[in-house]
Amino acid sequence: MAQRVAAIVGAGPGNGAAFARKFLDEGFKVAVLSRSIDSMTKLAADLGNTEQVKGYACDVTSDNSVNAAFELIQKEFGPVSTVVYNAGSGGFKPWEQWTAAEVTMAADTNASGLYRAAQAAFPQLESNGGGNLCVIGAGAATRGRPMTVGFAAGKAAQRSVAQSLARAWGPKKIHVSYLVIDGVIDGDRARSLVGDKPDEFFLKSEDIANVIWNICEQKPSAWTFELDVRPFAEEW
């Protein structure tokens with residue numbers, strides 16, 4: 001039986017690394033993707049097993065870049081069976097400081113980027129007889145606030161794309177899920193921005209990775225589409 005392949009789109013040293021490590025631990029080959037091939041090469045090296053993990057350049061705002069990345073993954077690792085879409089764009093500032101171009105850019109990365117990755121991955125998922133597309137969303141997908149105009153617009157559009165794909169792909173045994181990450185993910189930058197907060201205030205990337213794994217292993221008779229994930233200390 002061929003070894004399964006996971007692609008982490010929008011990988012980095014936080015969530016992306018934790019997601020990649022989880023799938024590696026479960027016996028997958030793992031492709032980590034972002035715009036910078038240098039950062040992905042470093043991330044792959046940091047993850048350790050160079051025969052099982054490799055970095056790829058992928059700009060989710062470019063059709064050609066996304067298609068080329070998935071074609072190369074299939075050539076070098078085989079067809080993907082799981083895609084985790086972690087790419088995102090947004091920010092937090094008063095509504096009047098947002099520009100229409102920034103709102104468009106957020107939608108392109110979050111929603112159109114997801115669709116590009118889905119289009120590129122679909123033939124490979126179908127050839128495997130099914131698989132998973134897990135989309136990393138945010139609480140902003142379900143509520144717009146004055147500081148999140150562009151971010152909320154992009155994430156809401158992303159959620160709708162994911163829901164449409166879930167309904168279209170379900171009969172093909174491709175499980176599409178949307179993870180609403182509602183809270184601040186732990187890390188040095190996050191802690192510097194929010195000030196002195198106790199550990200229980202933060203989401204842990206490793207714990208999110210375990211949630212993703214459990215969703216991806218669900219049986220078709222009881223699939224989850226949308227799941228909220230937040231620490232108990234988060235107001236909601």
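Start by selecting F23: at 0% relative accessibility, this residue counts as buried, since anything under 20% does. Keep in mind as you look around that this is a predicted model.

**Stop 1: the ring beside F23**

Leave F23 on screen and add F28. The two rings make an aromatic pair of the edge-to-face kind, with 5.1 Å from centre to centre and 80° between their planes. Is F28 buried or exposed? With a relative accessible area of 2%, F28 is buried. Now bring in W213 as well, and you will have a whole aromatic cluster in view, made up of F23, F28 and W213.

**Stop 2: a pair between two helices**

Next, select F122 and W169. Their rings also form an aromatic pair, this time a tilted one: the centres are 5.1 Å apart and the planes meet at 40°. To see what this pair links, colour helix α4 (residues 100-127), where F122 lies, and helix α5 (residues 149-169), which holds W169; the pair therefore ties together parts that are 47 residues apart in sequence. Both F122 and W169 are buried. If you would like to hunt for others, the model has 5 aromatic pairs in total.

**Stop 3: I8 and its neighbours**

Move on to I8, which you will find in strand β1 (residues 5-9). I8 counts as buried because its relative accessibility is 0%. Which residues does I8 touch, leaving aside those up to four places away in sequence? Show G16, F19, A20, F23, V30, A31, V32, L33 and V84 to see them. F23, where the tour began, is one of these contacts. Try a distance label between the C-alpha atoms of I8 and A20: they are 6.7 Å apart in space, while the two residues are 12 apart in sequence.

**Stop 4: a charge over a ring**

Now select K93 together with W98. Look at the side chains here: the charged end of K93 sits over the ring of W98, at 5.3 Å from the ring's centre.

**Stop 5: the second largest pocket**

For the last stop, select R4, S81, G130, G131 and N132. Among the residues lining the second largest pocket, these five lie nearest its centre. The full lining has 24 residues, and the pocket's volume is about 530 Å³. What classes of residue make up this lining? Colour by class and you should find 9 nonpolar, 11 polar and 4 charged residues.

Conventions. Residues numbered from 1 in each chain as written. Predicted model: local features only at pLDDT ≥ 70, side-chain atom pairs only at ≥ 80, totals over all residues. Heavy atoms only, no water. Helix = DSSP H or I, 4+ residues; strand = E, 2+ residues; numbered from the N terminus. Buried < 20%, exposed > 50% of the residue type's maximum accessible area, 1.4 Å probe, protein only. Contact = heavy atoms within 4.5 Å. Phe/Tyr/Trp six-rings, centres within 6.5 Å; stacked < 30°, edge-to-face > 60°. Lys NZ or Arg CZ within 6 Å of the ring centre and 35° of its normal. 1 Å grid on protein atoms, 1.4 Å probe; cavity = no way out; pocket = protein on both sides within 12 Å on 5 of 7 lines; lining within 4 Å. Points joined across faces, edges and corners; volume = space filled by probe spheres on them. Nonpolar A, V, L, I, M, F, W, Y, C, P; charged D, E, K, R; others polar.
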